[in-house]
Amino acid sequence: MFQRIRSYCLFGIKAVPVSVEVDASQGLPGFTLVGLPDNAVRESRERVVSAIRSVGKVVTGFRTTVNLSPADLRKEGSALDLPLAIGMLVATGEIEVPKLERYVFVGELSLDGLLKPVRGVLSVAMSLPRGADSILVIPKANSAEASLVEGLRYICSDTLSECVEILEGGAENSIYVAKGLTQKSVPPSSAIPDFRNVVGMSGVKRALEVAAAGAHNFLLVGSPGAGKTLCARCLPGILPEMTDEEILETTRIHSCARRAGDSEIFRPILSRPFRTPHHSASMVSLVGGGTRLLPGEASLAHNGVLFLDELPEFNRSVLEALREPMEDGAISVSRASGTVMWPARFMMGAAMNPCPCGFAMDPKRACTCLPDARKRYRERISGPLLDRIDIQVSVPPVDAGMFAGKPEGESSATIRERVCAARNIQHRRFAGTHFKSNAEMSSECAHQFAMMSQATERFAIAAADKMNLSARGYYRLLKVARTIADLRKNESVEIPDLSEALRYKTYS
Ligand SMILES: Nc1ncnc2c1ncn2[C@@H]1O[C@H](COP(=O)(O)OP(=O)(O)OP(=O)(O)O)[C@@H](O)[C@H]1O
Ligand SMILES: [Mg+2]
Ligand SMILES: [Zn+2]
């Protein structure tokens with residue numbers, strides 16, 4: 001008997017419809033699988049036959065041919081186990097499923113018939129045609145992802161036998177209707193250090209507040225132990241909440257990056273990601289790709305922060321690869337089978353010492369590096385990359401005297417309130433455009449929204465001239481000044497806003 005089962009395969013972040021066609025006929029027993037399967041798919045026959053046996057059915061003894069269509073798309077991973085099992089069960093007449101054509105199956109099987117989670121179920125759920133009579137059948141461990149797509153109808157189960165039982169019974173009492181995003185935010189985790197406990201460093205705190213408010217890239221430069229890493233680690237505590245749309249975008253990427261067989265319950269990403277890849281990170285782990293086309297750290301940081309501590313220690317070509325997403329908010333990975341686009345709109349943060357010994361900018365300790373070594377160190381970071389970093393601050397070491405008595409500074413929660421207010425102004429400003437923050441806006445917008453008086457504009461141009469700013473540098477200056485004006489809820493950018501923005505241009 002011939003049977004066609006609906007399923008999906010991942011291609012980057014996209015879920016592509018695939019049908020699993022099973023033909024089981026009398027004849028010399030055998031199994032043929034065609035349609036560009038990868039190794040995991042090829043091995044699925046062994047898992048599927050054994051899982052089916054655990055249900056008490058036997059599907060061997062037939063001449064079985066399976067075709068995965070479309071034939072030119074490479075199918076990878078183990079998500080086709082479940083559709084293959086159902087296809088073989090139905091095609092051999094072992095089970096009968098009423099209205100089989102309305103189900104879409106994804107899931108991995110273990111030898112004993114357990115249904116194991118697969119990656120990218122949120123992508124599948126989002127791609128399923130709306131309004132049509134489609135029901136998604138998935139492992140229970142993937143149900144949190146399906147429940148995020150409002151109105152989606154789905155069935156979930158822990159084992160193949162439970163799944164078969166539900167399907168044979170017509171499933172009516174087992175269908176869930178997804179409610180969409182119900183929990184929209186989580187309070188900042190207690191694992192995040194609070195700015196209240198950071199002594200002094202008011203300049204750095206302010207710079208990070210401006211960066212968070214406008215989603216500007218930032219760089220902290222200072223002596224060892226000055227508190228750069230500490231301040232950056234406080235940053236998640238002042239980042240604004242994500243919108244529903246952003247939560248879905250980010251969660252979708254994390255769902256695709258999920259490790260196969262990871263049976264931990266997947267939770268939607270409700271707070272902005274803060275990714276801190278190690279400086280030994282490879283190109284693939286940072287920007288994505290590889291044989292399985294997984295997203296990299298830059299994509300996992302989508303809508304959040306990608307923090308590169310010890311920036312000069314990163315491989316230069318790896319850093320250069322970040323220029324594309326910093327400009328376009330996306331990464332494209334080319335394959336013979338087509339190009340995969342990964343969203344990667346992140347705020348880049350970085351920290352570094354000014355020289356190999358670390359004390360070149362220290363008022364109290366002398367730098368022992370040769371000028372040549374200092375120059376080489378600086379050259380590890382390219383000019384174009386530095387040019388894309390709007391906020392660059394030097395981090396002076398805190399005077400030991402300031403630690404006495406530990407004066408309490410402003411808490412992260414207070415700073416976050418100001419950041420959120422500034423972001424709300426930006427949401428209203430960019431309503432109807434594809435921009436989300438000041439850092440992203442185009443040059444024309446930067447000029448238009450600055451709403452400078454003639455005198456202020458003259459000041460901006462004169463300052464840019466004096467500091468030899470490139471055209472891009474000039475517009476980036478306006479964007480940072482726009483954020484500073486937003487923080488004090490002022491409609492137009494004025495000279496003090498520009499002066500502060502100019503102070504963040506010192507390093508490059
Ligand atoms: N302003 C500060 N307030 C409170 N603690 C501080 C401050 N500055 C530094 N510290 C303490 O010093 C430790 C070292 O700071 P941190 O790791 O942030 O330095 P760093 O600038 O990143 O140095 P490196 O260049 O070596 O990476 C922190 O864990 C923190 O306990
Ligand atoms: Mg550090
Ligand atoms: Zn030095």
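**Zinc site, ligand 1 and loops in a predicted model**

Me: In which loop is S134 found?
Reply: This is a predicted model. Helix 4 (121-127) comes on one side of S134 and strand 8 (135-139) on the other. S134 is therefore placed in the loop between helix 4 and strand 8.

Me: Is S134 buried or exposed, and with which side chain does it make a polar contact?
Reply: The relative accessibility of S134 is 7%, and a residue under 20% counts as buried, so S134 is buried. Its side chain also makes a polar contact at 3.0 Å. The partner is the side chain of R6.

Me: Which residues coordinate the zinc ion (ligand 3)?
Reply: The donor atoms are SG atoms, at 2.1 to 2.4 Å from the zinc ion. In sequence the donor residues are spaced C-x1-C-x9-C-x1-C. The residues are C355, C357, C367 and C369.

Me: What is the geometry at the zinc ion (ligand 3)?
Reply: The site has four donor atoms, with angles of 102 to 114° among them. Four donors count as tetrahedral if all angles lie between 85 and 135 degrees. Ideal angles for four tetrahedral donors are 109.5 degrees. The site of the zinc ion (ligand 3) is tetrahedral.

Me: How many residues apart in sequence are the parts that C355 and C367 tie together?
Reply: The zinc ion (ligand 3) has both C355 and C367 among its donors. C355 and C367 each lie in the loop between strand 16 (347-352) and helix 14 (371-379), so the pair ties together parts of the chain whose separation in sequence is 12 residues.

Me: Which class of exposure does C355 have, and which does C367 have?
Reply: C355 has 0% relative accessibility and so counts as buried. C367 has 23% relative accessibility, and the class between 20% and 50% is partly exposed. C355 is buried, and C367 is partly exposed.

Me: Which residues come nearest to ligand 1?
Reply: There are 16 residues around ligand 1. By class, this shell has eight nonpolar, six polar and two charged residues. Those that come nearest are V199, G225, K228, T229 and L230.

Me: How much of the accessible area of ligand 1 does the protein cover?
Reply: A nitrogen atom of ligand 1 is 2.7 Å from a polar backbone atom of V199. Side-chain N or O atoms also approach oxygen atoms of the ligand, at 2.6 Å for T229 and 3.1 Å for E310. On its own, ligand 1 has 630 Å² of accessible area, and the part covered by the protein is 67%.

Me: Which two residues does a cis peptide bond join?
Reply: The omega angle of this bond is about 5°. P70, one of the pair, lies in the loop between strand 4 and helix 3 (81-91). The cis bond joins S69 and P70.

Me: How many residues of helix 3 are buried?
Reply: The buried residues of helix 3 include D81, L84, M88 and A91. The helix is largely enclosed by the rest of the structure, because the buried count is 11 of the 11 residues.

Me: What is the phi of G93, which follows helix 3?
Reply: G93 comes after helix 3, and its phi has a positive sign. The value is near 80°.

Me: What is the phi of K99, and what is the phi of A215?
Reply: K99 lies in the loop between helix 3 and strand 5 (103-105), and its relative accessible area of 47% makes it partly exposed. A215 is in the loop between helix 7 (202-214) and strand 11 (218-222), and at 19% it counts as buried. Phi is positive at K99 although it is not a glycine, and A215 is likewise a non-glycine with a positive phi. The values are about 50° for K99 and about 60° for A215.

Me: What separates the C-alpha atoms of V59 and L152?
Reply: V59 lies in the loop between helix 2 (44-54) and strand 4 (63-69), and it is buried, with a relative accessible area of 4%. V59 and L152 are 93 residues apart along the chain. Their C-alpha atoms are separated by 32 Å.

Notes:
Residues are numbered from 1 along each chain as its sequence is written. Chains are lettered from A and ligands numbered from 1 in the order in which they are written. This is a predicted model: local features need pLDDT of at least 70, side-chain atom pairs count only at pLDDT 80 or more; totals for chains, interfaces and linings use all residues. Side-chain values use heavy atoms; hydrogens and water are left out. Donors are N, O and S atoms within 2.8 Å of the metal (3.2 Å for Na, K and Ca); water is not among the atoms, so sites may look incomplete. Four donors count as tetrahedral if all angles lie between 85 and 135 degrees; four count as square planar and six as octahedral if opposite donors are over 155 degrees apart and all others between 65 and 115; anything else is irregular. Helices (H or I, at least four residues) and strands (E, at least two) are DSSP runs, numbered from the N terminus. Buried means under 20% relative accessible area, exposed over 50%, partly exposed in between (1.4 Å probe, protein chains only). A residue is near a molecule or strand if one of its heavy atoms lies within 4 Å of it. A polar contact is a pair of N or O atoms within 3.5 Å; within protein, one must be able to donate a hydrogen and the other to accept it, and residues adjacent in sequence count only if both atoms are side-chain atoms. Accessible areas come from the Shrake-Rupley method with a 1.4 Å probe; for residues, only the protein chains shown count as cover. Ala, Val, Leu, Ile, Met, Phe, Trp, Tyr, Cys and Pro count as nonpolar, Asp, Glu, Lys and Arg as charged, and the others, Gly among them, as polar.
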